[in-house]
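User: Could you take a close look at one part of this model for me? I'd like to hear about a single helix and whatever is packed around it.

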Amino acid sequence: MIGTRVPRRFPIGDGEETVLVPRIDPDGSFPQPSPAFSQGDATGGAGPAGAAERSGSPAHRGNTGHRGNAAHRGNTGLRAAYSVAAAVVIAAAAVLTFVLFSGDEPGDSVRLPQADAATESMPPRAVPTITLPGLPRVRALEALPGTPSPVLGAVTDVRAAITYARLGKPWTFAAIPSFTVGQQVGTVRLPPTMAVSGPLPGAAPATALETGADFRKAALSAVRWTVRNHYPAGSKVAWTASQEPAEGKGWTFGYQVTYQVKGERRTSQAALALLDVGRSRPAMLFVTVPDTHKQLWADIAPLVASVRAL
């Protein structure tokens, strides 16, 4: 016969304790308790065990407390072990992520160059070499054939500290790069028709210009600058004049510039005057007229003759 008591485990406090529960007989009734099982055993009643539980004997409290504390310590240790394991897993994942993706950051060999470094690595733009003929002997600037334009007054270039003739139509005032004051005919394109002024381009001379030879050398550099910047590439120069100004210190060059336009040989007549104005950089007046406006060549000599320091 199968026993009438079945061991069951129920949680008691923080631990577990085995309790014997009566099994139901096949006919549906509860069996009578055996001599070894009494009401006091199950309910803590009149039996010795029940009395011991009700009285809270030291032996019972000790056994129960011992089992509860042991179970609590076991649970606490298990939770601590889980925490340590989780921390180890997280740390390992972080290390693995760093190892796998640290290679995504470019090294020094593939970094994008800085703007300054890129600029420094670029080769300098080639500056065309302008070759001028040998310096001519002193020769006055002569009036050229054509129809002189009307003079309407004076142009005052405050920055350059000079004044000179203001011409009427077809000349008009215009803002022309590299100069402070400009008169032009048509549009500014190579080769231009213009009469412009401003301080000597570039840096101031290293030493003060004192003699005619000093101003002539500076004027020679200015002529080279005009050929490089205001005439088609490959232009050639022939001198037409070389003289000191009528008043004050300075130097004037007259020159003819020859070049090719759409395969056709063309020429411009030009003059450049440097004038001492008491500053570190002398004033410059530059006049150039191509053969497409050759009737205005007659304006070149009068414009240069009219320049004065303020």
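Analyst: Here is a walk through helix α5 and its surroundings, starting from one residue inside it.

First, a caveat: this is a predicted model. The protein chain has 310 residues, of which 32% count as buried, and its secondary structure comes to 6 helices and 12 strands. Among contacts with a separation of 6 or more, 52% are between residues 24 or more positions apart. The chain exposes about 19,400 Å², with carbon and sulfur atoms supplying 58% of that area.

Now to the helix itself. α5 covers residues 212-230, and Thr226 sits in it. Does its length look right for a helix, and what should its 19 residues span? At 1.5 Å a residue the expected span is 27 Å, and the end C-alpha atoms are 26 Å apart, so the two agree.

Which residues of α5 are buried? The list is Phe215, Ala218, Ala219, Leu220, Ala222, Val223, Thr226, Val227 and His230. As for what covers them, the cover includes β7 (194-199), β8 (236-243), β9 (250-261), β10 (264-275) and β11 (283-290).

Those strands also turn up together in a sheet. It is an open one of 7 strands, in the order β5-β6-β7-β11-β10-β9-β8, with antiparallel pairing. β5 and β8 stand at the edges with a single partner strand each, so one side of each has no neighbour in the sheet. At the β5 end, 2 bridges join β5 to β6, and Thr172 stands opposite Gln184 in β6. As a general point, strands of a sheet pair through backbone hydrogen bonds, either parallel or antiparallel.

Back to Thr226, which is a nice place to look from. Thr226 has a relative accessible area of 0%, so it counts as buried. Setting aside its neighbours within four places in sequence, Thr226 is in contact with Tyr231, Tyr255, Leu272 and Phe286. Thr226 also sits 10.0 Å from Ile130, C-alpha to C-alpha, though the two are 96 residues apart in sequence.

Two of those contact residues lead to the aromatic groups. A search of the whole structure finds 4 aromatic pairs. One of them brings in the helix directly: the rings of Phe179 and Trp225 have their centres 5.8 Å apart and their planes at 75°, so the pair is edge-to-face. Phe179 lies in the loop between β5 (172-173) and β6 (181-184) while Trp225 is in α5, so this pair ties together parts that are 46 residues apart in sequence. Phe179 is itself buried, with a relative accessible area of 11%.

Another pair involves Tyr231, one of the contacts of Thr226. Tyr231 and Tyr259 form a tilted aromatic pair, 6.3 Å centre to centre with 35° between the planes. Tyr231 is in the loop between α5 and β8, and Tyr259 is in strand β9, so to speak 28 residues along the chain. Both partners are enclosed: Tyr231 counts as buried at 3% relative accessibility, and Tyr259 likewise at 3%. Tyr255, another contact of Thr226, belongs to an aromatic cluster with Trp239 and Phe253.

For contrast, here is another part of the chain. Strand β4 (residues 162-167) has 5 of its 6 residues buried, so it is largely enclosed by the rest of the structure. β4 runs antiparallel to β3, with 6 bridges joining the two, and Asp157 has Ile162 in β4 as its bridge partner. The two strands form a hairpin with 4 residues between them, and Ala161 in the turn has a positive phi of about 65°. β4 is also joined to β12 (residues 308-309) by 2 bridges, again antiparallel, with Ile162 standing opposite Ala309.

Ser149 sits in the loop between α4 (115-121) and β3 (151-157). Ser149 is buried, at a relative accessible area of 10%. The side chain of Ser149 makes polar contacts of 3.2 Å with that of Trp171 and 2.6 Å with that of Asp299. Beyond its neighbours within four places, Ser149 is in contact with residues including Leu167, Pro170 and Leu296.

Note on methods:
Residues are numbered from 1 along each chain as its sequence is written. This is a predicted model: local features need pLDDT of at least 70, side-chain atom pairs count only at pLDDT 80 or more; totals for chains, interfaces and linings use all residues. Side-chain values use heavy atoms; hydrogens and water are left out. Buried means under 20% relative accessible area, exposed over 50%, partly exposed in between (1.4 Å probe, protein chains only). Contact means heavy atoms within 4.5 Å. The expected span of a helix is 1.5 Å times one less than its number of residues. Accessible areas come from the Shrake-Rupley method with a 1.4 Å probe; for residues, only the protein chains shown count as cover. A polar contact is a pair of N or O atoms within 3.5 Å; within protein, one must be able to donate a hydrogen and the other to accept it, and residues adjacent in sequence count only if both atoms are side-chain atoms. Two strands pair if DSSP finds at least two bridges between them. Rings of Phe, Tyr and Trp (its six-membered ring) pair if their centres lie within 6.5 Å; planes under 30 degrees apart count as stacked, over 60 as edge-to-face and the rest as tilted.
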